[in-house]
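This briefing covers one protein chain, taking its overall surface before its strands and an annotated segment. Please read it alongside the sequence and the model displayed below.

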Amino acid sequence: LRDNRIELVRASWHELSISVSDVSLSDEGQYTCSLFTMPVKTSKAFLTVLGVPEKPQITGFTSPVMEGERMQLTCKTSGSKPAADIRWFKNDKEVKDVKYLKEEDAVRKTFTVSSTLDFLADRSDDGAVVSCRVDHESLNSTPQIAMQVLEIHYTPLVKIISSNSWPEEGQSIILTCESKGKPVPEPVLWTKDGGELPDPERMVVNGRVLSISFLNKTDNGTYRCEAKNPIGRNSTEYVLIVHDVFNTLLPTTVIPSLTTATVTTNVALTASTTTSATATSIRDPNGLTQTGPDHALIGGIVAVVVFVTLCSIILLGRYLARHKGTYLTNEAKGAEDAPDADTAIINAEGSQVNAEEKKEYFI
């Protein structure tokens, strides 16, 4: 061997060692060690030199890529011996559906390996990191990696967020239009029922936010938010329904007035009813609360009063009838020899001088 890269390391009767620096593929082959004795003794060994793959490169990417377009990224490496292995990753997640191509260099006995990643561009791929990793036994478990950051342009994605899920009359509401796109969308456009906002004083637009104060039923309708960028435009709608103010009726306490009936005749009857009701009812919480006077109780009181009044009238009539009969009887006692009624009464009184004095009481 006559090469400046080959150096004699050790020489003795028992061992002969050499070293080869800056190994190249041409150093691969069979090496023979000979001992010049009678007969000559030899020993042979085959040296295999690994071809280290070059650093991979990704081609086929043009920036930016429109959403929906087909992308074909190719990763290529040369000089590997044996052929290197190529794997694709997207955000550290391996992509399996790829095409693999291996070509051999007849002169140097090395391989050129390429792999193609084919997919449709999607907005979710915007900002994703696509990496091509080359694994080979000569790299000592340290793979070579090439990376490419994707830039996908897409139309805006629009969404309306409401600050009030149950708007009522007199309240206010804030509608926020969230728009995401690439390039960044221009300021959004707010419309109501296909036209301009009807009340600019109450309906204030600040950037992407629409604020409506002092809501009323005329604000009911469909509000549209539209966003656009150089790629296209998109919109979404929000249906606003203003509800009536919800009134909560508090329970009331009804105290009926005092009712008293007093009748005085030979027998004094008094009916007095005092009702003080504080209505506190425990019912089903889902039922309606009913408050008011007890109609059955009032009807009973009225019936008692009517009954007592009728009894009083009957007793008073009987008493007056008896009193009149007594008066006519006294008048008739002296009417036999009297020319007129006055004389009859005087005669009647005179005839009772010695009789027990009777008195009449008017009640």
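The accessible surface of the chain in this predicted model comes to about 25,800 Å². Carbon and sulfur atoms account for 54% of that surface. Of the 363 residues in the chain, 25% count as buried.

**Overall make-up**
- The chain contains two helices and 22 strands.
- Among the contacts in the chain with a separation of 6 or more, 57% are made by residues 24 or more positions apart.

**Strand β11 and its partners**
- Strand β11 spans residues 110-120 and is mostly covered, with eight of its 11 residues buried. Buried here means that a residue has under 20% relative accessible area.
- Strand β7, which comprises residues 70-80, pairs with β11 in the antiparallel sense through nine bridges.
- Within that part of the model, Ser80 has Phe111 of β11 as its bridge partner.
- Strand β10, residues 99-105, is also antiparallel to β11 and is joined to it by seven bridges.
- Asp105 is placed opposite Thr110 of β11.
- β10 and β11 together make a hairpin, with four residues lying between the two strands. In the turn, Lys109 has a positive phi of about 60 degrees.
- As a general point, side chains in a regular strand alternate between the two faces of the sheet.

**The open sheet β16-β19-β20**
- Three strands, in the order β16-β19-β20, form an open sheet with antiparallel pairing.
- β16 (189-192) and β20 (232-240) occupy the edges; each has a single partner strand, so one side of each is left without a neighbour in the sheet.
- From one strand to the next, the twist averages 20 degrees.
- Strand β19, residues 221-229, runs antiparallel to β20, and nine bridges join the two.
- Cys225 has Thr236 in β20 as its bridge partner.

**Annotated segment**
- An unreviewed UniProt entry places the feature "transmembrane region" at residues 296-316.
- In the model, residues 296-316 are 100% helix and 0% strand.
- The end C-alpha atoms of residues 296-316 lie 31 Å apart.

**Points to locate in the display**
- Which residue in the turn between β10 and β11 has a positive phi? The residue is Lys109.
- Which strands stand at the edges of the open sheet? They are β16 and β20.
- How many bridges join β19 to β20? Nine bridges do so.

Methods. Residues are numbered from 1 along each chain as its sequence is written. This is a predicted model: local features need pLDDT of at least 70, side-chain atom pairs count only at pLDDT 80 or more; totals for chains, interfaces and linings use all residues. Side-chain values use heavy atoms; hydrogens and water are left out. Two strands pair if DSSP finds at least two bridges between them. Axes are lines fitted to C-alpha atoms, for helices over the stretch in contact, and angles run from 0 to 180 degrees between N-to-C directions. UniProt positions are given in the numbering used here, feature names are shortened, and annotations may be inferred rather than shown by experiment. Buried means under 20% relative accessible area, exposed over 50%, partly exposed in between (1.4 Å probe, protein chains only). Contact means heavy atoms within 4.5 Å. Accessible areas come from the Shrake-Rupley method with a 1.4 Å probe; for residues, only the protein chains shown count as cover.
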